Amino acid sequence: MTVKRRRAIGKWCKAMLFVAPALICYIVFAIIPIINTIELSFYKWDGASPIMEYVGLANYKEIFANPIFWKALSHNLFWITFTIMIPTIFGIILAVMLSQRFVRFRLLFRVVFYMPAIVSMVAVSVIWNWILNPEFGILNRILKTIGLGVFAADWLGNEKTVMFALLIAGSWVHYGFCMVITLAALSGVDASYMEVAKLEGANPVQTFVYVTMPLLKNTFTLLALNSLIGSFKVFEIVYMMTKGGPYNSSEVISTYMYRTAFTNSEFGLGSAIATVLSVLIAICSAIYMKVSEREVDA
Amino acid sequence: MRSKSKKPIAVTVKKLLTYAVLILTLLVSIMPLIWMWQAALVPSNKLNVDPFAIPTSLTLDNIKRAWTTGKMNVYMINSILVAIPRVLGVLLLSSLAGYAFGKLKFKGRDKIFSFMMFGMMIPIQAMVIPLYYNLQQMGLINTRLAMVIPYFGLSMPFAVFMMRAFFRDLPDALIESATIDGCNEFTTFLYIMAPLIKPALSALLVFEFMWSWNDMFLPMLVVYNDTSRTLPLGLMFFFGKYTADHSLIAVGVTICTLPIVIVYTLFQKNFIEGVTAGAVKG
């Protein structure tokens, strides 16, 4: 063995001393479980019995034949559309407003707008559960006070309104994030663009439409993809506020998976749902990473 | 002439409109939290009748009750005892690996790094079922350790990604001069590099702390007895059991949210930096 080669091996071993602890933990607690989940999705297993029956693709067939799965998926898609439309666009507007030169107390606004995003989803769910409560909730009470009492409803108990009620709570924690990301993007934008637009005689609306908006196109794509991934993962808020009910009218894939595996003890089936969910998220994430790389290069 | 006289009005309207939206959003963002915190101090006989009434008197009885009969003291200690080892472990492992990925040259470096980044694309739902059984075999169900150890692996992709980005930006000349001065890889890391990435470490620290403090999905599966419950689990349990006891729930929300809001306000710069770094780069 040459000295050079021996030195290279020594270098590699030293580097591995730094990498190995993290790498081993990652393999044990992330990679092996993923492989096990995929494996388990081909079996029928109740979680307790020593016998695991190999059933091939039967679990997947069962999922795709189950209307609740499609209902849950449609709710995820609804969640995606709504979060891209409401909190994402609202967050961008907030950021644009906040970065105007005359605005004071900018730090205060920014800190407070992001605050809902940092508290526990369990707490968020409890808070919104109270706000939306049909008996003592503040929302119904405001509606009654301003003479719109006819619209007061059992927001979380009604199949027609439950998704919107959950989405309002979900949006409350999300616009701050969108604002922070947009602010970072805007701070990178050369102020001279705006100056030129002003000198050319553009009014604020024109400046926004023709200068700011094109500049924020990448940011919007990034935020939309982020919402997409987040919307597939949504669990806590739905589980806490409705558990997917009433009658599966707010079921999402995560709650469906949780219920199948941990409540009904159908672990094979649950693993198959988790696998389908992961494939969906992995595809979105891969696109997201491509786009964000482009963003950095640009 | 006319257009000139119109301009100041347009500007004033724009300013007013901007402030109206900003202040309204400010209230929407913070009022639900403030109202919960004050509800924790309203005497329970009043709060149970009407949780939204303007309080006339305040009391600390609810907090005492939540502390003793509600076992909030146990939950809070558990939350702290879970957060500390989790945060320290993740910081240690990820800064070591991040240093190697960012500054050392070795065969397969980029391949191993990509392999670790793969984990960022996979949701925790894809791991929980086997994780649950692994933890059960290790006899860790219903222990605080079950809410700590898995994250040494699960938190790694993001943490390593962040640490690598910061180490990579440090100049190579630092390592060279340290080597000349007689440092080996490890002492270079400890005495030269680690102190320089304090901002990155504190950004990761506040994030990991927040995730630990607010964590619910995995803890909910692996812990179901009173002695190991963390605050979010305790609050969830409260919410299911004492639905009618509004004071106890309000105190639960307060103990769950107030510490993290304080940490966030103190470290808001790190938070914002971390959010932007995480989203734009990865």
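**Entry 1: B:Arg65 and its partner**

I looked up B:Arg65 and found this residue partly exposed, at a relative accessible area of 29%; on the scale used, buried means under 20% relative accessible area, exposed means over 50%, and partly exposed lies in between (1.4 Å probe, protein chains only). I note that this is a predicted model, in which local features need pLDDT of at least 70 and side-chain atom pairs count only at pLDDT 80 or more, while totals for chains, interfaces and linings use all residues. Residues are numbered from 1 along each chain as its sequence is written, chains are lettered from A and ligands numbered from 1 in the order in which they are written, and side-chain values use heavy atoms, with hydrogens and water left out.

I then asked which residue B:Arg65 meets in a salt bridge. The partner is B:Asp245, at 3.0 Å from N to O; a salt bridge here is a side-chain nitrogen of Lys or Arg within 4 Å of a carboxyl oxygen of Asp or Glu. This pair links distant parts of the chain, 180 residues apart: B:Arg65 sits in helix H3 (residues 61-68) of chain B, and B:Asp245 in the loop between helix H13 (231-241) and helix H14 (246-266) of chain B. Helices (H or I, at least four residues) and strands (E, at least two) are DSSP runs, numbered from the N terminus. B:Asp245 is buried, with a relative accessible area of 16%.

**Entry 2: other salt bridges**

I searched the whole structure and recorded eight salt bridges over all chains. As background, side chains of opposite charge can pair when their charged atoms come close.

In chain B, I found B:Asp215 and B:Arg86 joined by a salt bridge of 3.6 Å, N to O. B:Asp215 lies in the loop between helix H11 (198-214) and helix H12 (217-222) of chain B and B:Arg86 in helix H4 (residues 72-103) of chain B, so this pair ties together parts 129 residues apart in sequence. I list B:Asp215 as buried at 13% relative accessible area, and B:Arg86 as buried at 2%. I also noted a network of salt bridges that links B:Lys71, B:Asp226 and B:Arg229.

In chain A, I recorded a salt bridge between A:Glu251 and A:Arg259 (2.5 Å, N to O). A:Glu251 is buried at 1% relative accessible area, whereas A:Arg259 is partly exposed at 26%.

**Entry 3: the two domains of chain B**

I took the bounds from the domain assignment of chain B, which gives domain 1 (2-61) and domain 2 (71-281); such bounds come from an automatic or database assignment. The C-alpha centres of domain 1 and domain 2 of chain B lie 34 Å apart. Nine residues of domain 1 and eleven residues of domain 2 of chain B take part in the contact, where contact means heavy atoms within 4.5 Å.

I read off about 840 Å² buried between these two domains of chain B, with 71% of it on carbon and sulfur atoms. Buried area is the accessible area (1.4 Å probe) that two parts lose on being put together, summed over both. On the domain 1 side of chain B, B:Met36, B:Trp37 and B:Asn48 lose the most area to domain 2, together 57% of what that side buries.

How many salt bridges cross the interface of domain 1 and domain 2 of chain B? I found zero.

**Entry 4: chain A against chain B**

I counted 88 residues of chain A in contact with 87 residues of chain B. The area buried between the two chains is about 8100 Å², of which carbon and sulfur atoms give 81%. A:Phe18, A:Phe29 and A:Trp130 supply 11% of the area that chain A buries against chain B, more than any other three residues.

Between chain A and chain B I again found zero salt bridges. The largest share of the side of chain A that touches chain B comes from helix H1 (residues 3-40) of chain A, with 21 residues. By class, that side of chain A has 67 nonpolar, 13 polar and eight charged residues; Ala, Val, Leu, Ile, Met, Phe, Trp, Tyr, Cys and Pro count as nonpolar, Asp, Glu, Lys and Arg as charged, and the others, Gly among them, as polar.

**Entry 5: A:Ser278**

I closed with A:Ser278, which lies in helix H14 (residues 267-297) of chain A. This serine is buried, at 8% relative accessibility. Leaving aside neighbours within four places in sequence, A:Ser278 is in contact with B:Ile122, B:Pro123 and B:Ala126.
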